[in-house]
Amino acid sequence: MSGAALGLEIVFVFFLALFLLHRYGDFKKQHRLVIIATLLAWYLCFLIVFILPLDVSTTIYNRCKLAVNSSPAESNGSYVTLAPSKQKCFKPWSYIPDGIMPIFWRVVYWTSQFLTWILLPFMQSYARSGGFSITGKIKTALIENAIYYGTYLLIFGAFLIYVAVNPNFNLQWNQLQTIGIAAANTWGLFLLVLLLGYGLVEIPRSHWNGAKRGYLLMKTYFKAAKLMTEKADAEENLEDIMEEVRKVSESIKYNHPLRKCVDTILKKCPTEYQERMGRNMDDYEDFDERQNSYPSEKSLAKLHKQVIYSVQRHRRTQVQWQILLEQAFYLEDVAKNESSATRQFVHTFHSQEPENKIIQYFYTPTVEWYWECLLRPWFYRVLAVVLATFSVIVVWSECTFFSTKPVLSLFAVFIQLAEKTYNYIYIEMACFLTIFFLSICVYSTVFRIRVFNYYYLASHHQTDAYSLLFSGMLFCRLTPPLCLNFLGLTHMDATISHKNTQPTAYTSIMGSMRVLSFVADGFYIYYPMLVVILCIATYFSLGTRCLNLLGFQQFMGDSEMTSDLIDEGKELIRREKRKRQRQEEGENRRREWKERYGNRDDSTRNRVVHTDQKESSFSETNANRPLSKYTRSNGRTERDRIELLQDAEPLDFNADSINDDPLESDSGR
């Protein structure tokens, strides 16, 4: 059973990481190496979070076993019995044999560190490069990362020289390794507290505001106004870039050495621009190197980079605009259906995607009305209260986890109470909920933050390769200090508890932080208290107010700019709603016309075909008759035609429009 628990979690975490990456990345269009590297980074970080509770329960059992072995004891099956007190150390259901966890943590940790400090930064530059060959992209990536790698090598080299020259230091390889780990964890802890302070307040508040229909609708209008501005800017930028590409394509002819680079750029352009440039291009002219000045390969690489960025941004804004419209229409439908007497949810527009029949069977309009108009607001309020309670416990424990006598950290109290009864299921559930909540607060902030257009995780497959790789770097740098902080909150770290007990396998891989006492006894203990100040600042929206003062429009209820953007977004949504209504009305009219007259058209078409067949058969029989009869009938038909022409009334023409000369009429025609 022990190996099965570890194997099930490994498989489950892999599919979880794959699902999230599929939501944000695009498996069809993005490079396979980017997908594999990001998937590996996310998978290792999520794996650490899910496996660490098993490490805690196994460590508690090993401590009990060591305590029993130090006294007269006897072995009995799956547990060890202490002879004097008859104490039993039951083996947990998820027990992992000795020697497996240290190897597992060593492989996971050093692989994640290799990804975050070496491979992913290099792949970022490679993916963002505008080079036309693999060699060119590698060269560009090496040049861009030379300063990045050189800075770390310079610091590490200076430290090694200082240690070698100073006789007071006698550091071994394990201690140097611990110093490197401590430096990486210190950087990660610095960023971790900033993200954690934001997430502890924003996650409960967002769920509380999710119960307010008017709030969500106003915020959606605000987002619509901002997104329309960004969408227009992306379209204008794409037009400028495409005009530049058109000029380059017209100047560089088919037999120019750089024509292959231009063709590569054209393949990255949208289809409508490719067709337009293909029609206006004349490739049958030879280029003259003396008369025209042609762009260099370096400038074409820069243009290639701009094309990739502008096309990605334009596609992302288009998709986000459609998603935001659906969200706004749905929130408006909820506001209308709240006062419905029939208690059945009515949609203004039908879903464009086919619904699952099973969901459609159970999730009827009546069930949807009760959930959306009655149950969902209360569910969000209760969930917000539970999350706020967790946040308060985390803030209290972050400020008091260094106290061992008495134990003030609530998470440590819960784990120690369960440790006395060896309730391993409770221990694992408490550890999992704690570290899972911490991870949600930190990782959700990573998914929410946006650094201009430099870093932005957009759902529905709209995240670019650079942002995916950057998120993998952040996860790999944040997860190890997050786990150490969790072990400190639960007093499973010997550095915090000051007990000479067996450490967890994860802590043993980190090494003893006593090598750097000012880090172990100072920064790791007192810096997390800063989370209180960050939570207060987030609660009063100080960061939002600062960004608003700097000119970055943020959603604030007491701002005049916010009110203007809400009105603008409401008008945009109303315009799009009328447009979609006209489209649906046109489709309904065409459908009704087809249903009403479709059968009649078919019968008319069949009648015409039958008449044609009759006429063809009649002509065949006439062809077989004698020639005299045919001539007489033809003459009779000609006389009837002349009589009809004589009986017809003359048309009313103006005298000026009649021309007696047939030559002039022909020339005029």
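This dialogue explains how to read several features of a predicted model.

Me: How many helices and strands does the chain have?

Reply: The predicted model has 22 helices and 5 strands in its chain. Of the 669 residues, 38% are buried. The accessible surface amounts to about 39,800 Å², and carbon and sulfur atoms account for 60% of that area.

Me: What share of the contacts between residues at least 6 apart in sequence joins residues at least 24 apart?

Reply: That share is 76%.

Me: How is a helix to be read, and which span should helix α11 have?

Reply: The general idea comes first. An α-helix has 3.6 residues a turn, so residues three or four places apart point the same way. In this structure, helix α11 covers residues 365–400, and at 1.5 Å a residue its 36 residues should span 52 Å. The C-alpha atoms at its ends are 51 Å apart, which agrees with that expectation.

Me: Where in α11 does a kink lie?

Reply: The kink is at Leu 375 and amounts to about 50°. The proline Pro 377 follows shortly after it.

Me: Is Trp 369, another residue of α11, buried or exposed?

Reply: A residue counts as buried when its relative accessible area is under 20%. Trp 369 has 4% relative accessibility, so it counts as buried. Leaving out residues up to four places away in sequence, Trp 369 touches seven residues: Asn 337, Glu 338, Ser 340, Arg 343, Gln 344, Phe 345 and Leu 374. Asn 337 is 32 residues away along the chain, yet the two C-alpha atoms are separated by 7.4 Å.

Me: Which contacts do buried residues in other helices make, for example Thr 38 and Lys 231?

Reply: Thr 38 is placed in helix α2 and counts as buried because its relative accessibility is 1%. Apart from residues up to four places away, Thr 38 touches Leu 21, Leu 468 and Leu 469. Lys 231 belongs to helix α6, residues 213–251. With 12% relative accessibility, Lys 231 also counts as buried. Beyond its neighbours within four places in sequence, Lys 231 is in contact with Thr 317, Gln 318 and Trp 321.

Me: How should a pair of aromatic rings be described?

Reply: Such a pair is described by the distance of the centres and the angle of the planes. This structure holds 31 aromatic pairs. In one of them, Phe 50 and Phe 432 have ring centres 5.3 Å apart and planes at 55°, so the pair is tilted. The two residues are 382 positions apart in the chain: Phe 50 is in helix α2 (residues 32–69), and Phe 432 is in helix α13 (residues 424–448). Phe 50 counts as buried at 12% relative accessibility, whereas Phe 432 is partly exposed at 24%.

Me: What kind of pair do Tyr 539 and Phe 540 form?

Reply: Their pair is edge-to-face, with 5.1 Å from centre to centre and 90° between the planes. Tyr 539 is exposed, its relative accessible area being 54%.

Me: Which residues do ring pairs link into a cluster?

Reply: The cluster consists of Tyr 24, Trp 42, Phe 46, Tyr 443, Phe 447 and Phe 475.

Me: Over which rings does Arg 477 lie?

Reply: Arg 477 lies over the face of Trp 117, at 4.0 Å from the ring centre. The charged end of Arg 477 also sits over the ring of Trp 187, 5.1 Å from its centre.

Me: What is the general expectation for phi and for peptide bonds?

Reply: Most residues other than glycine have a negative phi, and most peptide bonds are trans. Some residues here depart from that pattern. Phi of Arg 343 is positive, near 55°. Arg 343 is in the loop between α9 and α10, and at 40% relative accessibility it counts as partly exposed. Ser 541, which is not a glycine, has a positive phi of about 55°. Ser 541 lies in the loop between α18 and α19 and counts as partly exposed, at 22% relative accessibility.

Me: Which peptide bond is cis?

Reply: The bond from Lys 405 to Pro 406 is cis, with omega near 0°. Pro 406 is in the loop between α11 and α12.

Technical notes: Residues numbered from 1 in each chain as written. Predicted model: local features only at pLDDT ≥ 70, side-chain atom pairs only at ≥ 80, totals over all residues. Heavy atoms only, no water. Helix = DSSP H or I, 4+ residues; strand = E, 2+ residues; numbered from the N terminus. Expected span 1.5 Å × (residues − 1). Bend = angle between axes of the 7 residues up to and from the residue. Phe/Tyr/Trp six-rings, centres within 6.5 Å; stacked < 30°, edge-to-face > 60°. Buried < 20%, exposed > 50% of the residue type's maximum accessible area, 1.4 Å probe, protein only. Lys NZ or Arg CZ within 6 Å of the ring centre and 35° of its normal. Contact = heavy atoms within 4.5 Å. Areas by Shrake-Rupley, 256 points an atom, 1.4 Å probe, with all protein chains shown as cover.
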